[in-house]
Amino acid sequence: TAGDHFVQRKQNDNKKVAVIGAGPSGLSCAWFLAVNGISVEIFEKKKEAGGMVSSGIPSFRLPDRIINLDLETLMAAGVEIHYDTTVFQKQFDEILSEYDAVYLAAGAQLNKKLGISGEDLTGVLEPLDFLGKVKEGIHLNIGKRIAVIGGGNTALDAARTALRLAGEEAVVNILYRRTKNEMPADHIEILDAVHEGVVIRE
C-alpha cells in the first residue's frame, strides 16, 4: 500500500511550492519537497498524472498499477494535484504571487518530423499520438500492414502496440536506416518485438 512506502514528513509548514506538470520530473520534485515538510500543489493540463510514462509507455511494458502506486504514495505525503488545468499567463502570474517557489516541469512531448512529402497524409500517425490514443481506449483502424519508421524505444513501443491492435494476420515492419545492432532502442525491447512477430528491415 501507499503507506508502506511513505516517509515521515519533516516540519516546514511555512513554505509552499507550485509544480507545473505531473510527469516524472514534476512528481519527483513534489515527492522530495513533501517529505521535507513543504506544502506542494501540482497543476496538470491532462486528466491523469505521469506524463509520457502514463500516455506513451504501453501497459504491457509498464502496468498502470505501478504508476497508481506512486500516485497513492504522493497523496499520502500530502501532495495535491489539480487535473485539467492548463496554466496560461494570467494563472501563472497568480501562482507566482501565491507560492514561495514554482517548479516548471511541462515536459517536451513533441514528435520529430521527417520533413518528407506525404507525412501529413491520412494513415500516417505520429507515434506518441498513436500510443496515447491507444492507451485512452480510442478506436483506431490501422489496417493489417503497418510500417514504423525509426529504431528507438518509441518506435518499438509503437510497433508492438500496432501488432496487438491489428490482430491476427497483421504484418508490422520496423524500417531502420542502419543495422539492428545500431538501433538505439533497449536490446531487450528489440528481442521482445522480434519474438512477438515484428519484422525489422535494416
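**Two parallel sheets and the helices that pack on them**

In helix α1, the residues G26, L27, C29, A30, W31, L33, A34 and V35 are buried, where buried means under 20% relative accessible area, exposed means over 50% and partly exposed lies in between, with a 1.4 Å probe and protein chains only. Helices (H or I, at least four residues) and strands (E, at least two) are DSSP runs, numbered from the N terminus. This is a predicted model, in which local features need pLDDT of at least 70 and side-chain atom pairs count only at pLDDT 80 or more, while totals for chains, interfaces and linings use all residues. Residues are numbered from 1 along each chain as its sequence is written, and side-chain values use heavy atoms, with hydrogens and water left out.

Back to α1 itself. Its twelve residues, 24-35, should span 16 Å at 1.5 Å a residue, and the end C-alpha atoms are 17 Å apart, which agrees; the expected span is 1.5 Å times one less than the number of residues. The buried residues of α1 pack against β1 (16-20), β2 (39-43), α3 (64-76), β3 (80-82) and β4 (101-104), with contact taken as heavy atoms within 4.5 Å. Just past the helix, G37 has a positive phi of about 85 degrees.

Now for the strands next door. Four of them make an open sheet in the order β3-β2-β1-β4, with parallel pairing; two strands pair if DSSP finds at least two bridges between them. At the edges sit β3 and β4, each pairing on one side only. Neighbouring strands here are turned by 20 degrees against each other on average, direction ignored. Axes are lines fitted to C-alpha atoms, for helices over the stretch in contact, and angles run from 0 to 180 degrees between N-to-C directions. Helix α1 packs on this sheet, touching β1, β2, β3 and β4, and its direction makes about 165 degrees with that of β2. Helix α4 (residues 89-98) lies across β1, β2 and β4, running at about 135 degrees to β4.

F43 turns up twice in this part of the model. It stands opposite H82 in β3, and the parallel strands β2 and β3 are joined by three bridges. F43 also forms an edge-to-face aromatic pair with Y99, at 6.2 Å centre to centre and 90 degrees between the planes. Rings of Phe, Tyr and Trp (its six-membered ring) pair if their centres lie within 6.5 Å; planes under 30 degrees apart count as stacked, over 60 as edge-to-face and the rest as tilted. The two partners are 56 residues apart, with F43 in strand β2 and Y99 in the loop between α4 and β4, and both are buried. The charged end of K16 sits over the ring of Y99, 4.9 Å from its centre; this label needs NZ of Lys or CZ of Arg within 6 Å of the ring centre and within 35 degrees of the ring normal.

Further along, three strands form a parallel open sheet in the order β5-β6-β7. β5 (145-149) and β7 (199-201) are its edges, each with a single partner strand, so one side of each has no neighbour in the sheet. The twist averages 25 degrees from one strand to the next. Helix α6 packs on this sheet, touching β5 and β6, at about 170 degrees to β6. R160 belongs to α6 (residues 153-166) and counts as buried at 5% relative accessibility.
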